[in-house]
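Work through the exercises below with the sequence and the model at hand. Each task is followed by a solution in steps.

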Amino acid sequence: MHCSWKAVILLALASIAIQYTAIRTLTSKPFQLCPLPSPQNCGLGGQETEPPFERGAAGGGGCDDYPYFSINATRKTHILILATTRSGSSFVGQLLNQHQEVFYLFEPLYHVQATLIPRMSHSRYATDRRVMLGASRDLLRSLYDCDLYFLESYIKPTPTNHTTDKLFRRGASRALCQQPVCDAFGPTDVNVEEGDCVKKCATLNMTLATEACREKRHVALKIVRVPEIGDLRALVEDPRLNIKVIQLVRDPRGILSSRIETFRDTYRLWRIWRATGRRPYNLELAQLTVVCEDFLSSISTGLSHPYWLKGKYMLVRYEDLARNPLLKTKEIYDFLGLPMDKNVEDWIHANTRGSNEPSAKHKFGTVRDSAANAESWRLKLSYDMVEYTQTVCQKVLHQLGYKAVKSAEELKNMSLSLVQDKTFVPFL
């Protein structure tokens, strides 16, 4: 049978019309984001609104049952403490951990690095850094959504039936040492020591931990394995989250001194230099230069006030916090938009008046004379080590307001502070 050219044209037009109708039908529904693998958390970072979102007739609880945004939504505040090792981040983390409405995790990215990059060599640093960052952002996004199951992929050995005793520094989180996660302590036990939590609490049940996270109004995570704020831009801009970044910085000379004392094997050559006065020829200089390069890049980004950080960034010097812990903590809470509760103030009074020489057993602890500890590195480093650090880190020292010393006598004169009075206003 032969078809005329008119019939062919009509058939083609009909086919196009059918395809157009199908496309319009499939795309007429607005696109909604839903964090996987927990569709029940779709919405504002897993946060229910008050009053609750209205479900559809079926009550399925999936993405289709929630509006993506609601004018009346009460959003979680997702707090990120961005720091480097031995900069006072444990102290800052505990200032938030003490708040009754904050769910806090200590260094969850430890498990990412331990799994993906067990031994990071300097020659592979750039490659390993990219791998680490991609996995870190995914994990942080899930944790802010209280999806702690996502963390199980990185814990070794893999948790059995969602239970594990290998979560790094579990005892540093009050929420993981209290009911319903742990039955060893009652509701009046508000100051449980980390060691007691590890000894007395049973194996961590990740399901109970997830429930405890969802019961809190805010989530705070402390990380030292993301080099700079620019690496987190995609996370900060995620509309599902309400992220506030507290970037903690410290005098690089103090960081170096603390690392030499704490990581004795890794910084063995630095200790030889300090003891002998001669710099080893094979000293790993990247252990210092990378810190200052990352600091400079990160604070330059933050203090330039890019639009994507508006209302979301605060720079805090550890030395300012150590000298005026209560005042500075109130400033941090004001920036976060959270009221300070009595637990926080009580913890500050109990943890900023101790000895400035914590024992090796408590090298990661927080009980010390914070003001004296802030510049105690001056009594531990030799002048030639300080002079070298000042040369390598000159730009970041200047930008953060840390004074250079010009002699060994000036270094040891503790009546002269090396911290300039400098105000860093939150970017609101």
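**Exercise 1. Place Asp231 in the fold and decide whether it is buried or exposed.**

Step 1. Asp231 has a relative accessibility of 15%, so it counts as buried; buried means under 20% relative accessible area, exposed over 50%, and partly exposed in between, with a 1.4 Å probe and protein chains only.

Step 2. Asp231 sits in the loop between β5 and α7 (233-236). Helices (H or I, at least four residues) and strands (E, at least two) are DSSP runs, numbered from the N terminus.

Step 3. Leaving aside residues up to four places away in sequence, Asp231 touches Arg129, Leu133, Arg137 and Val226. Contact means heavy atoms within 4.5 Å.

The model is predicted, so local features need pLDDT of at least 70, side-chain atom pairs count only at pLDDT 80 or more, and totals for chains, interfaces and linings use all residues. Residues are numbered from 1 along each chain as its sequence is written, and side-chain values use heavy atoms, with hydrogens and water left out.

**Exercise 2. Find which parts of the chain have pLDDT under 50.**

Step 1. The predictor's confidence in each residue is pLDDT, from 0 to 100. Its mean over the chain is 81, and 75% of the residues reach 70 or more.

Step 2. Over residues 18-73 pLDDT stays under 50, and the model has 75 contacts beyond four places in sequence for this stretch. Residues 354-368 also have pLDDT below 50, with 32 contacts in the model beyond near neighbours in sequence.

Step 3. Where pLDDT is low, the predicted coordinates should not be read in detail.

Step 4. For the chain as a whole, 48% of the 428 residues count as buried. The chain has 17 helices and seven strands. Of the contacts with a separation of 6 or more, 72% are between residues 24 or more positions apart.

**Exercise 3. Give the strand order of the open sheet, and explain what is left without a neighbour at its edges.**

Step 1. The order is β2-β5-β1-β6-β7, five strands in an open sheet with parallel pairing. Two strands pair if DSSP finds at least two bridges between them.

Step 2. β2 (102-106) and β7 (313-317) are the edge strands; each has a single partner strand, so one side of each lacks a neighbour in the sheet.

Step 3. On average, neighbouring strands of the sheet are turned by 20 degrees against each other, direction ignored. Axes are lines fitted to C-alpha atoms, for helices over the stretch in contact, and angles run from 0 to 180 degrees between N-to-C directions.

Step 4. As one pair, take β6 (residues 243-249) and β7, which are joined in the parallel sense over five bridges. In this pair, Val245 has Tyr313 of β7 as its bridge partner.

Step 5. Helix α2 (residues 89-97) packs on the sheet and touches β1 (77-82), β2, β5 (218-223) and β6; its direction makes about 155 degrees with that of β2. Helix α10 (residues 286-303) packs on the sheet as well, touching β1, β6 and β7, at about 130 degrees to the direction of β7.

**Exercise 4. Describe how α8 and α9 cross.**

Step 1. The axes of α8 (residues 252-262) and α9 (residues 268-276) come within 9 Å and cross at roughly 105 degrees.

Step 2. The two helices, α8 and α9, are therefore roughly perpendicular to each other. Angles under 35 degrees count as roughly parallel, over 145 as roughly antiparallel, 65 to 115 as roughly perpendicular and the rest as oblique.

Step 3. Leu256, Ile260 and Glu261 in α8 meet Trp270, Arg271 and Arg274 in α9. By class, this contact has three nonpolar, no polar and three charged residues. Ala, Val, Leu, Ile, Met, Phe, Trp, Tyr, Cys and Pro count as nonpolar, Asp, Glu, Lys and Arg as charged, and the others, Gly among them, as polar.

**Exercise 5. Locate the cis peptide bond that joins Lys156 and Pro157, and the residue His162 with its positive phi.**

Step 1. The bond between Lys156 and Pro157 is cis, with omega about -5 degrees. Pro157 lies in the loop between α4 (125-144) and β3 (163-164).

Step 2. His162 is not a glycine, yet its phi is positive, about 60 degrees. The loop between α4 and β3 holds His162, and at 35% relative accessibility His162 counts as partly exposed.
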